[in-house]
Amino acid sequence: MNAVIEMNKVKKEFGNKTVLSDVSFSVGKGQIFGLLGPSGAGKTTIINILTGQIRPTDGTAKLLGFDSAKLADGIYNKIGMVLDESGVYERLSAADNMIMFADIYGISRSRITEISEKVGLSDAMKKPVETLSKGMKQRLVLARAILHSPELLFLDEPTSGLDPATALRIHELIREQQKRGCTIFLTTHNMEEASSMCDTIILLNKGRLVERGVPQELCRKYNKDNLIYIMTKDGKELNLDNNHRSAKKIAHLFSENQVESIHSSEPNLETVFITLTGRKLV
Amino acid sequence: MTAVRSKCIKAVFNKQIKDTLKNKATLIQFVMFPMLAVIFTETIAKNQADMPNNYFAIMFATIYAGFVPMVTISSIISEEKEQHTLKMLMMANVKPGQYLVGIGSYVIILCALGSCVFGMIGGYVGLDFLKFLGIMLSGVLTSTLLGAAIGLFSKNQMTATAMVLPLAMIAAFLPMIAMFNEKFEKAARVLYTQQISYMINDPALESLTAERFLIIGINMAIFLIVFVIAYRRRSLS
């Protein structure tokens, strides 16, 4: 695996408070990598360490092959960021915000038009950012982050507080970035988002990694009940063991056209997290 | 490399110009004192026989050099820190030095334009005008250094305002008070704005002595040290 991000036994302390302990993971090129954890778990601290904004107390973090404590000149040209604080110039128009970053990156103005169309902001580009809705602002921040076609995109809670339609649009844009080969580092406490978007996830709790893997595999791994739930057309709820003994009964119900709904007892990531930590993911 | 540096500086400079046009609070600071000088000169100084025509130009020019650059640059830097826009600039590979040069040059250029207005109202022409401009710019630069240091030290605009206002008031208004009070004048002599006031007060600008420039230089050196300490401790984080 060609690792774009590597963290090895990273520890971070602020004063006497340990916010990260022994955190190790790596992210392969072209992956959508999810970092899940409740507020205060240490997700933003990990991003800050990786992007060289703060240094780890112990351990090493590498970004695109460089030690994050000594990032090479120009490395930020290969990175795009959507952080929890938007960092946009509120009085300026959306276009002026984009023009400024295009000038810094040395990118043509036509690219701004292309990106603004892609994120659905063409009609709002002349408006001051302070007049835009939260969803539009978030799309502007994403547009700024992908303006220079980065190799690596950090997305810190990119859909937090957004309506479902805007969140869906942002998910589409993220997948588009992955298609062109961009590696995505996504932090979220939205388990549905992580399940549907991420190739690999890690679960973080109180600064420690508690589990890692492919979302669907993790859900199967923690499927302790291993049951099949059936709702029949006459309103009965059946909980059947997921084994060959139930197969005949299920087949019979289907042949009699009695099945209203059927699903397995696989937990979602939220339940997995609660099983592992006793805490909710919010 | 130089092209990369200059494009970042230019981008920061252009952003600040656009922002100023949409930010009345900043715009008014650059415009207010020259406007007041014009109004007071036209309505009062020119109608009072015992008052020199350049009386208000000199008074407001000194206030301008002490107040505007200091307040403006500290406000810009602290706002960028508070709004996290500065963080995004740093994450876009803009170096702290490039940012400070971009913002600093913006403040100095706009203050130079304001100084030109004062020079014209004050009736300076030819070489005297250039000397006047040079003196004003030495004051603007000194104030900019202290304002930038305060901006670096502050976490947000409120802290910056609380820190900068008393200092800017002293720098700007002490020379004015010194005009009417000898004790204040003695105390104000160590201040760069007082030296600027002395120098631009002399219509032929004959008072450009080494001692005056030395005092301005010492002020500048002290503020430069404060700026370097602020930069090392806080950088632009």
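**Exercise 1.** In what order do the three strands of the open sheet in chain A lie, and is the pairing parallel or antiparallel?

*Solution.* Begin with the order, bearing in mind that this is a predicted model: the strands of chain A follow one another as β12-β11-β13, and their pairing is antiparallel. Next, look for strands that pair on one side only, and the edges turn out to be β12 (237-241) and β13 (259-264) of chain A. Finally, follow the sheet from one strand to the next, where the twist averages 20 degrees.

**Exercise 2.** Work out how strand β11 of chain A is joined to β13(A), and which helix packs on the sheet.

*Solution.* First take β11 (residues 227-232) of chain A, which runs antiparallel to β13(A) and is joined to it by five bridges. One residue pair can then be located, since I228(A) has S264(A) in β13(A) as its bridge partner. Turning to the helix, α8 (residues 244-255) of chain A packs on the sheet and touches β11, β12 and β13 of chain A, while its direction makes about 145 degrees with that of β12(A).

**Exercise 3.** Describe the side of chain A that touches chain B.

*Solution.* Start with the contacts, in which 18 residues of chain A meet 18 residues of chain B. Then ask which element gives the most to the side of chain A: this is helix α2 (residues 94-105) of chain A, with six residues. Sorted by class, that side of chain A holds nine nonpolar, five polar and four charged residues.

**Exercise 4.** Where in chain B is confidence lowest, and where is it highest?

*Solution.* For chain B as a whole, the mean pLDDT is 91, with 95% of its residues at 70 or more. Within chain B, helix α1 (residues 2-22) has the lowest confidence, at a mean of 87, whereas helix α5 (residues 96-121) has the highest, at 95.

How values were computed:
Residues numbered from 1 in each chain as written. Chains lettered and ligands numbered in written order. Predicted model: local features only at pLDDT ≥ 70, side-chain atom pairs only at ≥ 80, totals over all residues. Pairing = 2+ DSSP bridges. Helix = DSSP H or I, 4+ residues; strand = E, 2+ residues; numbered from the N terminus. Axes fitted to C-alpha atoms, helices over the stretch in contact; angles between N-to-C directions. Contact = placed C-beta atoms within 7 Å. Nonpolar A, V, L, I, M, F, W, Y, C, P; charged D, E, K, R; others polar. pLDDT = per-residue confidence, 0-100.
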